[in-house]
Amino acid sequence: MIQRVEITLCVGLVGVCIIGLLGDEWDAVYGHISDVTPEDWLESLPEHDKPMEGIYTLVCDVDHPEDDDQPLKYSVVEVKAC
């Protein structure tokens with residue numbers, strides 16, 4: 001099942017911090033990001049525009065596989081500057 005989620009990030013000197021999650025399946029996304037660390041999660045996303053530092057929002061379609069052992073799959077739909 002694919003759900004749209006908005007993920008607001010702050011990228012700075014100390015790394016990547018998730019500062020907001022909106023969408024029906026935000027809790028699954030938060031759990032996945034927490035499991036792999038925000039920095040590793042961001043690096044694993046498909047290529048997208050991102051600032052070196054600052055706050056921005058990723059609008060992503062997130063595929064939640066039927067099998068809970070499979071990782072979530074992200075498709076970046078839009079990047080919004082904040």
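**Exercise 1. The first hairpin**

Task: In this predicted model, work out how many residues lie between E1 and E2 in their hairpin, and how many bridges join the two strands.

Solution: Begin with the connection, where strands E1 and E2 form a hairpin that has two residues between them. Next turn to the pairing, in which E1 and E2 run antiparallel and are joined by eight bridges. Individual partners can then be picked out along the strands, for Ile 7 has Leu 21 as its bridge partner in E2, while Leu 9 has Ile 18 as its bridge partner in E2. Finally, look at the loop between E1 and E2, where Leu 13 is found. Because its relative accessibility is 81%, and the cut-off for an exposed residue is over 50%, Leu 13 counts as exposed. Although Leu 13 and Glu 53 are 40 residues apart along the chain, their C-alpha atoms are separated by 7.7 Å.

**Exercise 2. The order of the sheet**

Task: Determine in what order the four strands of the open sheet are arranged, and explain why one side of E2 and of E4 is left without a neighbour in the sheet.

Solution: The order of the four strands is E2-E1-E3-E4, and their pairing is antiparallel. Strands E2 and E4 (73-81) stand at the edges with a single partner strand each, and therefore one side of each has no neighbour in the sheet. From one strand to the next, the twist averages 30°. Continue with the pairings that have not yet been described: E1 and E3 run antiparallel and are joined by ten bridges, and within this part of the sheet Leu 9 stands opposite Tyr 56 in E3. E3 and E4 also pair in the antiparallel sense, over eight bridges, and here Asp 61 has Ser 75 in E4 as its bridge partner. The last step is to place helix H1, which packs on the sheet and touches E1, E2, E3 and E4, with its direction making about 165° with that of E2.

**Exercise 3. The nonpolar core**

Task: Find how many residues the largest nonpolar core has, and which strands and helices each supply at least two of its residues.

Solution: The largest nonpolar core has 18 residues, and those with the most contacts inside it are Ile 7, Leu 9, Val 29, Trp 41, Leu 42, Leu 58 and Tyr 74. At least two residues of this core come from each of strand E1 (2-12), strand E2 (15-23), helix H1 (26-36), helix H2 (38-44) and strand E3 (54-63). As general background, nonpolar side chains in soluble globular proteins tend to be buried together.

**Exercise 4. An aromatic pair**

Task: Decide whether the rings of Trp 41 and Tyr 74 are stacked or edge-to-face, and say where in the chain the two residues are placed.

Solution: The count of aromatic pairs comes to one. In this pair, the ring centres of Trp 41 and Tyr 74 are 5.6 Å apart and the planes stand at 80°; because planes over 60 degrees apart count as edge-to-face, the pair is edge-to-face. The pair links distant parts of the chain, with Trp 41 in helix H2 and Tyr 74 in strand E4, 33 residues apart. Both Trp 41 and Tyr 74 are buried. When residues up to four places away in sequence are not counted, Tyr 74 touches several others, including Val 29, His 32, Trp 41, Pro 46 and Cys 60.

**Exercise 5. Two residues compared**

Task: For Cys 60 and for His 48, establish whether each is buried or exposed.

Solution: Take Cys 60 to begin with, whose place is in strand E3. Its relative accessibility is 0%, and so Cys 60 counts as buried. Leaving aside neighbours within four places in sequence, Cys 60 is in contact with residues that include Gln 3, Val 5, Ile 7, Tyr 74 and Val 76. Now consider His 48, which is placed in the loop between H2 and E3. With a relative accessible area of 11%, His 48 is buried. A polar atom of the His 48 side chain lies 3.1 Å from the backbone oxygen of Pro 46. Beyond its neighbours within four places in sequence, His 48 is in contact with Leu 42, Tyr 56, Leu 58, Val 76 and Val 79.

Notes
Residues numbered from 1 in each chain as written. Predicted model: local features only at pLDDT ≥ 70, side-chain atom pairs only at ≥ 80, totals over all residues. Heavy atoms only, no water. Core = buried A, V, L, I, M, F, W, Y, C linked by side-chain atoms within 4.5 Å. Buried < 20%, exposed > 50% of the residue type's maximum accessible area, 1.4 Å probe, protein only. Contact = heavy atoms within 4.5 Å. Pairing = 2+ DSSP bridges. Axes fitted to C-alpha atoms, helices over the stretch in contact; angles between N-to-C directions. Polar contact = N/O pair within 3.5 Å; in protein donor to acceptor, adjacent residues only side chain to side chain. Phe/Tyr/Trp six-rings, centres within 6.5 Å; stacked < 30°, edge-to-face > 60°.
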